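Reader: Please give me a close look at a single part of this model, namely its buried interior, with every cut-off stated as you go.

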Amino acid sequence: MRPFAAAYLVVVVLSSHVVDLNDDNFEHLTQAGTGATTGDWFIKFFAPWCHHCQALVDRWDQTATELKSGVPAINVGRIDATANKKVQERFKAHVFPALILFRQGQLYRYPIENKRSVEELVDFARSGYAKVTPEPVPRPPTWLDKQLEFFWHDMEHILDIRKSAATVLVIGSFLAGVVCTLICTRLCCGRRRSTVEAGKKSQ
């Protein structure tokens with residue numbers, strides 16, 4: 001790589017205002033559910049295999065530059081939803097790219113049908129969000145929530161085992177009933193034949 005090209009690459013990387021988020025640092029950096037003390041955040045939930053997400057990379061960087069340099073400044077982040085399931089499930093980000101603005105304890109989802117030009121993205125973060133219905137930001141899971149999650153997971157596992165056992169029991173009982181019926185039928189038929197044959201001999 002030429003020195004000029006390498007220097008240009010370094011400048012581009014360092015000039016990006018997009019913050020990389022993950023399960024571990026999301027709440028610490030954004031304060032989305034615990035006070036929003038770090039300001040508003042416009043966050044892209046993406047999947048590496050999503051073509052729409054890949055096409056949005058440059059425009060998202062430009063959007064971040066516009067929003068970060070404005071007054072008031074708005075933070076811009078991105079998170080790989082496929083590698084950070086806790087955050088993905090917390091905010092129900094299952095359609096990619098999911099663009100969500102976090103503002104003062106509320107979240108605003110960028111409409112899927114809207115275009116994703118830099119101008120429209122910036123406008124949404126500045127004022128356009130008021131046109132969509134806000135949702136309360138789900139609080140981050142507590143230690144108790146995590147313990148309850150493990151508990152319910154174990155309970156579901158136990159119930160699945162019991163359901164399987166119950167199914168086996170029902171099928172086994174049915175087959176046992178069929179076998180008993182066949183045996184009884186055979187015995188009854190055998191006795192009738194013996195009685196008939198004994199009657200014929202006595203005649």
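Author: What follows goes from one residue to one helix.

This is a predicted model, in which local features need pLDDT of at least 70 and side-chain atom pairs count only at pLDDT 80 or more, while totals for chains, interfaces and linings use all residues. Residues are numbered from 1 along each chain as its sequence is written, and side-chain values use heavy atoms, with hydrogens and water left out.

T30 belongs to helix α2, which covers residues 26–30 (helices, H or I of at least four residues, and strands, E of at least two, are DSSP runs numbered from the N terminus). With a relative accessibility of 1%, T30 counts as buried, a word that stands for under 20% relative accessible area with a 1.4 Å probe and protein chains only. Once neighbours within four places in sequence are set aside, the residues in contact with T30 (heavy atoms within 4.5 Å) are L21, A36, T38, G39, W41 and I43. Two of these partners, W41 and I43, fall in the range 41–46 of β2, and β2 is also among the elements that cover the buried residues of helix α5.

In helix α5, residues 118–126, the buried residues are V118, L121, V122, F124 and A125. Viewed down the axis of α5, these residues fall within an arc of 160° (taken over the directions from the helix axis to the C-beta atoms), so they line one face of the helix. An α-helix has 3.6 residues a turn, so residues three or four places apart point the same way. Besides β2, the cover over the buried residues of α5 includes α3 (51–69), β4 and β5 (106–109).

Conventions. Buried < 20%, exposed > 50% of the residue type's maximum accessible area, 1.4 Å probe, protein only.
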